[in-house]
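Q: Pick one part of this model and take me through it slowly, please. I'd like one connected account rather than a list.

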Amino acid sequence: MASERLRSGGCLSYLVGCEQTCAGVIVDPTLELLDRYAALATEKGLRVRYVIDSHTHADHFSAARELARQLRARIVMHRLASAPFADIRVDDGERLVIGELRIRVIHTPGHTDDSVCLVLPDRVLTGDTLLIGGTGRTDLPTGDPDALFFPAHAYKGRASSTLGAEERENPRLLREPFRQTAAARRPPRRRELPDPTVRVLAYCQYGKISTLAAATLRTMGYIRAVALDGGMEAWAQASYPIEKGATR
Ligand SMILES: [Fe+2]
């Protein structure tokens with residue numbers, strides 16, 4: 001099995017392929033590395049058949065659409081994904097065939113309701129379900145801490161771990177503490193989501209995360225979601241009024 005890992009900030013994406021048949025798949029591509037994927041596939045002699053997004057991303061722009069068009073590959077996401085451009089919608093237990101390689105899909109909701117883990121012959125790509133020493137956050141749209149009792153990023157420079165090590169050392173895998181933490185962290189987000197026809201303004205400090213949040217909301221049907229350009233930094237610099245209060 002051919003395997004390459006690419007890093008963009010804390011986000012990891014993967015090129016995996018079958019060396020016998022030269023068929024490949026790209027997992028969780030990010031727009032920032034768009035030009036790298038095709039070059040890497042060519043370098044490895046792989047023809048990319050599928051582009052898989054392990055879930056609807058809120059922390060970076062997925063390159064799945066552009067990359068699939070560029071490589072004439074098909075986009076694979078879980079059946080609950082709100083993205084209208086997914087070509088193949090998979091469900092728990094299904095297998096993707098990439099030459100001699102088989103990738104099994106496990107539905108692991110919690111970070112988002114469309115999160116999946118991908119089981120390869122010698123490893124599991126866990127998306128943002130299980131992180132090294134932690135789990136994906138559950139406070140973004142469609143997140144649900146109750147669903148994430150079993151909990152991919154590399155925030156501390158490490159890019160892989162073992163299930164055994166995580167079982168022993170990952171505090172989030174201790175189910176009771178995790179449930180208590182999750183319960184403490186949960187404002188009932190789902191009920192707070194507005195009617196999809198109202199205007200939603202997302203804001204953050206510099207305007208980057210809120211731009212992603214607004215884009216995610218629009219793919220979910222909140223078509224009037226916008227982001228505050230430049231974030232609160234720009235707002236404060238323009239001397240617009242700011243009220244501070246308890247966050248909900
Ligand atoms: Fe994520």
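A: Let's start with a term we'll lean on: two strands count as paired if DSSP finds at least two bridges between them. Keep in mind, too, that this is a predicted model. The protein chain has seven helices and 14 strands, and we'll stick with the open sheet of six strands, ordered 1-2-3-4-5-6 with mixed pairing. Its edges are strand 1 (2–8) and strand 6 (88–90), each of which pairs on one side only. Going from one strand to the next, the twist averages 25 degrees.

Now zoom in on the strand 1 edge. Strand 1 runs antiparallel to strand 2, and seven bridges join them. Along that pairing, Leu6 sits opposite Ser13 of strand 2. The two strands make a hairpin with two residues between them, where Gly9 takes a positive phi near 60 degrees.

Follow the chain onward and there's another hairpin, this time between strand 2 and strand 3, with four residues in between. Here the positive phi belongs to Cys22 in the turn, at about 65 degrees. Strand 2 (residues 11–18) and strand 3 (residues 23–27) are also antiparallel, with five bridges. One of the bridge pairs is Gly17 with Gly24 in strand 3. As for what holds such neighbours together, strands in a sheet pair through backbone hydrogen bonds.

Finally, there's a helix against this sheet: helix 1 (residues 34–44) packs on it and touches strand 1, strand 2, strand 3 and strand 4 (47–52). The helix direction makes about 30 degrees with that of strand 2.

Methods
Residues are numbered from 1 along each chain as its sequence is written. This is a predicted model: local features need pLDDT of at least 70, side-chain atom pairs count only at pLDDT 80 or more; totals for chains, interfaces and linings use all residues. Axes are lines fitted to C-alpha atoms, for helices over the stretch in contact, and angles run from 0 to 180 degrees between N-to-C directions. Two residues are in contact if their C-beta atoms, placed from the backbone, lie within 7 Å.
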